Amino acid sequence: MQPRNMSMSGVVDLAAVKAAQEAKAKAEQARAQAAREGGTGAISPADLVIDVDEAGFERDVLQRSAEVPVVIDFWAEWCQPCKQLSPVLERLAVEYNGRFLLAKIDVDANQMLMQQFGIQGIPAVFAVVAGQALPLFQGAADETQIRQTLDQLVQVAEQRFGLTGLTVDPDAEPGGDAQAAPERPAGPHDGLLESAVQALDSGDLGGAIQAYKNVLNEDPGNEEAKLGLAQAELLQRVQGIDPQQVRKDAAEKPADVQAQITAADLDLVGGHVEDAFGRLIETVQRTFGDDRDTVRMRLLELFEVVGFEDPRVIAARRALARALF
């Protein structure tokens, strides 16, 4: 089987908004508690590679993914490419010094996990970040490709979820574990935010939008609500539109501001982030007055959806500034 790169680009999963905020809070509280107790919560380099089975998956992968990205290596004893890939991943786990945790899963002994991840062949490598699964690559891969993928994973985990990894102490006893993150105290708006996530899960975009607006009425600076609102409004805008007609209109009417804006929304929902940004920046360059301001405001809304710390947003903001000035 040929290697198949799996992109991590695109819109952040709406259901992951709350998970991201909780992951940040738990990671920060774990570091703070370790500092108060005079410890580091350090682990041994030997503990950066762990064997995981179905019984321990929630504890060893899902729960740990709230403090560190967990890379999953699906392998089997009979798989020759696995025997080439696994040692590379194990070596890199130690080399990356706690920026990710490597979990090895034997598919013969854990076929339910293999089915849940939809794996068609091995080796297959996934990551779990704040409870969110990300496919990385499948099949044989060279070390350069693996490093590039891991670098991107670490960057996404830190920028979007605040996960800076584990503290590794070469002198720590193997089998030790980092300080478990304490439960985050309930916030004043957690009920409304939970209602918004439930509305999104059920497809009630209007209900989700109202729930996020209710939070922002009381707390205008709430980042989770601002991000959730921007994403829910984006999905509502593209609901029911004809993608083929939208793209046809955009191609035939380059000067039509609304056609370009709608196509950009569709681009973003489809995960084509750079295309969406580039389309609107080009439209800014071609327009003036109220039309230009309308395009600029939509572009800022899309920046909110992806996240202002995302490298693609940073690059697009520079390009927007050049287009405006």
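These legends walk through several close-up views of a predicted model. Residues are numbered from 1 along each chain as its sequence is written, and side-chain values use heavy atoms, with hydrogens and water left out. Because this is a predicted model, local features need pLDDT of at least 70 and side-chain atom pairs count only at pLDDT 80 or more, while totals for chains, interfaces and linings use all residues.

**View 1. A disulfide between Cys79 and Cys82.** Let's start with the sulfur atoms: a search of the whole structure finds 1 disulfide (a pair of cysteine sulfur atoms within 2.5 Å). The S to S distance between Cys79 and Cys82 is 2.4 Å. The torsion about their S-S bond is about 80°, so the disulfide is right-handed. Are Cys79 and Cys82 buried or exposed? Both Cys79 and Cys82 are buried; here buried means under 20% relative accessible area, exposed over 50%, and partly exposed in between (1.4 Å probe, protein chains only).

**View 2. Ser86 in helix α3.** Helix α3 covers residues 80-95 and includes Ser86. Helices in these legends (H or I, at least four residues) are DSSP runs, as are strands (E, at least two), and both are numbered from the N terminus. With 7% relative accessibility, Ser86 counts as buried. Which residues does Ser86 touch, leaving aside its neighbours within four places in sequence? Look for Asp73, Trp75 and Lys104, each in contact with Ser86, where contact means heavy atoms within 4.5 Å.

**View 3. A salt bridge within helix α5, between Arg147 and Glu143.** A search of the whole structure finds 17 salt bridges, each defined as a side-chain nitrogen of Lys or Arg within 4 Å of a carboxyl oxygen of Asp or Glu. In this one, the side chains of Arg147 and Glu143 meet at 3.0 Å, N to O. Both residues lie in helix α5 (residues 143-161), 4 residues apart, about one turn of the helix. Arg147 counts as partly exposed at 25% relative accessibility, and Glu143 is also partly exposed, at 28%.

**View 4. A salt bridge between helices, from Asp265 to Arg237.** The side chains of Asp265 and Arg237 come together in a salt bridge of 2.8 Å, N to O. Asp265 belongs to helix α10 (residues 257-269) and Arg237 to helix α8 (residues 223-238), so the pair ties together parts that are 28 residues apart in sequence. Asp265 is buried at 3% relative accessibility, whereas Arg237 is partly exposed at 27%.

**View 5. Glu301 and Arg298 in helix α12, and a network elsewhere.** Glu301 forms a salt bridge with Arg298, with 3.2 Å between the closest N and O atoms. The two residues sit 3 residues apart in helix α12 (residues 289-306), about one turn of the helix. Glu301 counts as partly exposed at 34% relative accessibility, and Arg298 is buried with a relative accessible area of 15%. For a wider picture, salt bridges that share partners join Arg91, Glu95, Glu143 and Arg147 into one network.

**View 6. Confidence along the chain.** The chain has a mean pLDDT (the predictor's confidence in each residue, from 0 to 100) of 81, and 82% of its residues reach 70 or more. Over residues 1-18 the pLDDT is below 50, and this stretch has 54 contacts in the model beyond near neighbours in sequence. Residues 177-184 also have pLDDT below 50, with 24 contacts beyond near neighbours in sequence. Where pLDDT is low, the predicted coordinates should not be read in detail.
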